[in-house]
Amino acid sequence: MLRFGVLGAGRIGKVHARTIAANPKAKVAYIADAVPAAAEALAKEYGAKVASVEEIMKTTDVDAVLIGSPTPFHAEQIQAASNAGKAIMCEKPVSLDVNAILETLKIVEKNKSTLMIGFNRRFDPNFADLEKRIRRGDIGDVEIVTVISRDPAPPPPSYVKASGGLFRDMMIHDFDMARFLMGEEFVVVNALGSSLVDKGIGEAGDVDTAAVQMQTVSGRIAVITNSRRATYGYDQRMEVHGSKGMLSARNVHNTTVEIHNADGVKADPVQNFFVERYVAAYANELNTFIDAVSSGNRDPRPSGFDGLQAQKLADAATESWKTGKPVKVA
Ligand SMILES: NC(=O)c1ccc[n+]([C@@H]2O[C@H](COP(=O)([O-])OP(=O)(O)OC[C@H]3O[C@@H](n4cnc5c(N)ncnc54)[C@H](O)[C@@H]3O)[C@@H](O)[C@H]2O)c1
């Protein structure tokens, strides 16, 4: 039985606690949150104990930590958990600072800790299947990967200030998916960005609309487009073109019901946001981590290295947007 300490009882902490509790190989043992009432409410739901982060690191009753705290705490909590001998599942991003990620990965490596990063989209059944077909050779050699990702509505400008910006906070998922689907590292990044949805986001120093092109050493190309607004719900689509064909994954609608009449054909809206759209992905992701730790696999993917590479691409895109020039990635 893998006993979890859940750090952060907010939006994503709640999603992950549900998966842990539903898995017969795991249990929610402890919850920590900076707001005691939040920890208490979630602990009550799962019969868990409330403790501080420091107490969870010290106790021998915890085998693994689930880090769902705000981003600025991830690196220090990974380091503390690694030094305490716990297995670690940490939400994205590892850190907004590449040097802090490198420092953290050194500690993880030294302690031989198991670390997995929460790039949940790899575990979405449709996208996972798409990737499997690429690797099986169904479309030959991959030439262009296209990722479209649009949120239903923008966050308040106060959120974007602390988020690290769209490229590091939102597009980070798409950088990971582009790497995952391409199977080769990107070496150059070219970005455009604007604030077309909310001028306040622009005034806070960020963008809400962006397009990025990236290229690998062998010349393969990825195109990512992001918007913080989509009037029709959470728009999550991918397309991969190869030498022998094309694979695509469409949006998931609330139901598959359509009405056909003289005006045309109308379907239900697409699922509204990540909590609905990626419910299966979050569960598959954490169950993969639980299986890895339970079976002694110390290297589940997406790894800390995947977290580092996505962050490097996000930094390069931010620089490219700011300078108006393509940026090389080491
Ligand atoms: N993979 C995904 O799709 C996904 C989705 C949402 C959020 N996230 C990531 O998860 C993290 C949390 O996001 P959220 O939306 O759940 O935020 P949230 O604000 O809803 O929840 C964060 C919780 O952490 C608590 N907290 C604050 N400081 C803490 C500390 N030092 N230790 C422990 N708990 C602390 C807060 O009180 C809050 O309850 C972020 O890093 C975010 O990027 C990932």
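Q: What is the area buried between domain 1 and domain 2, and what share of it do carbon and sulfur atoms give?
A: Keep in mind that this is a predicted model. The split puts 2–113 in domain 1 and 122–277 + 310–328 in domain 2. Put those two parts together and the buried area comes to about 820 Å², with carbon and sulfur atoms giving 67%.

Q: Which elements give two or more residues to the side of domain 1 that touches domain 2?
A: Start with the polar side of this interface: the salt bridge count is zero, while two residue pairs are in polar contact, both at pLDDT 80 or more. On the domain 1 side, the elements giving two or more residues are α1 (11–22) and α5 (98–111).

Q: How many residues of domain 1 are in contact with domain 2, and how many of domain 2 with domain 1?
A: The domain centres, taken over C-alpha atoms, sit 28 Å apart. Contact here goes by heavy atoms within 4.5 Å. On that cut-off, domain 1 brings eight residues and domain 2 brings eleven.

Q: Which strands stand at the edges of the open sheet?
A: Read the strand order across the six-stranded sheet: β3-β2-β1-β4-β5-β6, with parallel pairing. An edge strand has a single partner, so one of its sides is left without a neighbour in the sheet. That picks out β3 (49–50) and β6 (115–118).

Q: In β3, which residue is the bridge partner of Y30?
A: Look to β2 (residues 26–32), which pairs with β3 in the parallel sense over two bridges. The partner of Y30 in β3 is K49.

Note on methods: Residues are numbered from 1 along each chain as its sequence is written. This is a predicted model: local features need pLDDT of at least 70, side-chain atom pairs count only at pLDDT 80 or more; totals for chains, interfaces and linings use all residues. Side-chain values use heavy atoms; hydrogens and water are left out. Two strands pair if DSSP finds at least two bridges between them. Helices (H or I, at least four residues) and strands (E, at least two) are DSSP runs, numbered from the N terminus. Domain bounds come from an automatic or database domain assignment. Buried area is the accessible area (1.4 Å probe) that two parts lose on being put together, summed over both. A salt bridge is a side-chain nitrogen of Lys or Arg within 4 Å of a carboxyl oxygen of Asp or Glu. A polar contact is a pair of N or O atoms within 3.5 Å; within protein, one must be able to donate a hydrogen and the other to accept it, and residues adjacent in sequence count only if both atoms are side-chain atoms.
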